[in-house]
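Here's a walk through a two-chain model, going from one helix pair out to the bigger contacts. Open it in your viewer and follow along.

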Amino acid sequence: MEATFLLTLLITFLASFIGYELISKIPQTLHTPLMSGSNAISGITLIAAILIYPEVGESQLLKIIVLIAIAFATLNIVGGFSVTGRILEMFKKND
Amino acid sequence: MIEIILLVSSVLFIFALKLFGRPSTAHRANTFAMLAMALAVFSAFNFDFSKYDSAFYITIVVSGLLGVLISKRVQMTQMPELVGLFNGFGGGASGAIAYVELSNNALVMSDFFVAIFSMVIGVFTFSGSIIAVLKLRGKLNNVNTTIANIFSAFLPPLILLPAIWDDMEILSLEYFMLLSLIAGIIRVAVIGGADMPVVIAFLNSLSGIAAMSAGFIVNSIILIVAGALVGASGIILTLLMCAAMNRTLLDVLKGGFGGTAINNEYEKDPISTSPEDVAIQLSYAESVVIVPGYGMAVAQAQAAVKELTNTLKDKNIEVKFAIHPVAGRMPGHMNVLLAEVDIDYEDMFTLEDINSEFSSTDVVIVLGANDVINPLARTDEDSPIYGMPILDVDLAKQVIVIKRSMSPGYAGIANPLFINDNTKMLFADAKEGLENIIKSFELV
């Protein structure tokens, strides 16, 4: 258990480091699409909702809360990518 | 099989972030990220779709359609609100998941604390983002910082309060949730409009961190990886925005900056000008730099900017755009608005790239920007904006400021640029002013 936890921490650190390195040189022109795109990615918490939904058990209240989480995360993902697409469309026509 | 799908998904997410870094590849980045997301979500089902009832599938489909609908209907000028809103949803989802896990399972100690963390950050992101959206829509004015200070002072005892109760179980969970909710509301409510680029970037980072922590609770590596990527990229943007104002993140979050006039006295009257004179002035210029600010977004003047740019370029006048990192209400806001009207991103320059060129520029047109061009940032040590990197437009040969009145900007201080000998004020709304200049060109 401990080893897995440490391994997970290592992965977390590496992913943060990669994220930091990849983004630090991004030009100002792309700040909005980057933010909008990474915003959509943060909706990935939908996975957690999908994983726990079948295990919620009898409680109707908790089930509803997970459904709200699913709705929020889906809105975040679909809406986020759709908006990012719209923003990038405007940069594309400049090429 | 699932492991391979997740591996591909992680790699795609990383490549997507890489591709977001260049204008020519950025649109592919979005496709990569969408693909990565689809794979990650698909893998979460573990090929067993029968475990889920109709309520589950209906929720996904309806909210997905709603997301598309909202994103297609919103205008480009409302982009900051929309990004803020979606961000709040993401944070709220993570907070809700953490709550359910906390109240439903006996978590091991490490997971318990991560779950509390995820719930607090997620709920904070949710309420903070909603307040940010209301502020961006102009539905909420600055709240006095006293309330926030009182709340912060009482926060430690408020957090410790459940320890006094006999029962540390479910009730204290809701209590912590409520505290996070209030903290998000109060924290963002005291921060003024022009600090929104920092707030939006910071909340974006938090939603990634909340997702990452949710990944720890449900043991999902892909969730941890993607959440960490978002958290890190959000932090970079946050720090960039703070550096562009020469302020620390703590100082911005403390709130109470700007919004009220501190000193708006001028020792002499500015020189005002007319659209006709501006048109004549511009037609003799060889190089023009346009400095857009939030005023351009408010007046929806992008199309008029494009028209003026075309008119000038037809006369072989060089036109460039100087964009301050915190101009507008989110990182890169001005760049998006200008891209919307087909202005080439090659013509958009950052502060570092253009500052050395102002002294050889014939005419600078300031369009709805104020504090980011205030020379006091260089000279007046007592000024609240002292040390902030500014666009040195006062060094240009001539400056035209299109502005409705002499009212101060966000920092609430007078801008001596307006009474410089080489500055002329065109008192007008950004859009109307530009349109009148364009009309006058036809007569020149």
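Is the crossing of α4(A) and α14(B) left-handed or right-handed? It's left-handed, a label used when the near helix is turned anticlockwise from the far one by less than a right angle, while clockwise would be right-handed. Before going on, a word on ground rules: this is a predicted model, where local features need pLDDT of at least 70, side-chain atom pairs count only at pLDDT 80 or more, and totals for chains, interfaces and linings use all residues. Residues are numbered from 1 along each chain as its sequence is written, with chains lettered from A and ligands numbered from 1 in the order in which they are written.

Back to that pair. Helix α4 covers residues 60–92 of chain A and helix α14 covers residues 333–340 of chain B; helices here are DSSP runs (H or I, at least four residues; strands are E, at least two), numbered from the N terminus. They pack at an angle of about 60°, with their axes 8 Å apart. Axes are lines fitted to C-alpha atoms, for helices over the stretch in contact, and angles run from 0 to 180 degrees between N-to-C directions. The two helices are therefore oblique to each other, given that under 35 degrees counts as roughly parallel, over 145 as roughly antiparallel, 65 to 115 as roughly perpendicular and the rest as oblique. A:Ile87, A:Met90 and A:Phe91 meet B:Val336, B:Ala339 and B:Glu340, where contact means C-beta atoms, placed from the backbone, within 7 Å. That's 5 nonpolar, no polar and 1 charged residue. For these classes, Ala, Val, Leu, Ile, Met, Phe, Trp, Tyr, Cys and Pro are nonpolar, Asp, Glu, Lys and Arg are charged, and the others, Gly among them, are polar.

Now zoom out to the whole contact between the chains, which takes 74 residues from chain A and 94 residues from chain B. On the chain A side, α1 (2–23), α2 (31–41), α3 (46–52) and α4 each give two or more residues, and α4(A) gives the most, with 28. By class, that side splits into 44 nonpolar, 25 polar and 5 charged. How confident is the predictor in chain A? The mean pLDDT (confidence in each residue, from 0 to 100) is 90, and 94% of the residues score at least 70. Confidence is lowest in α1(A), at a mean of 87, and highest in α3(A), at 97.

Chain B has its own internal layout. An automatic or database assignment sets the domain bounds, giving domain 1 (74–254) and domain 2 (275–441). Their C-alpha centres lie 35 Å apart, and 19 residues of domain 1 are in contact with 17 residues of domain 2. On the domain 1 side, α4 (79–104), α8 (196–218) and α9 of chain B give two or more residues each, with the largest share, 4 residues, from α8(B). That side has 15 nonpolar, 4 polar and no charged residues.

Helix α9(B) (residues 221–243) also packs with α1(B) (residues 2–19), at about 10° and with axes 9 Å apart, so this pair is roughly parallel. Their contact has 8 nonpolar, 3 polar and no charged residues.

Finally, look at α13(B) (residues 302–314) and α17(B) (residues 430–441), at about 25° with axes 9 Å apart, which makes them roughly parallel. Their crossing is left-handed, and their contact holds 7 nonpolar, 1 polar and 3 charged residues.

Key. Two residues are in contact if their C-beta atoms, placed from the backbone, lie within 7 Å.
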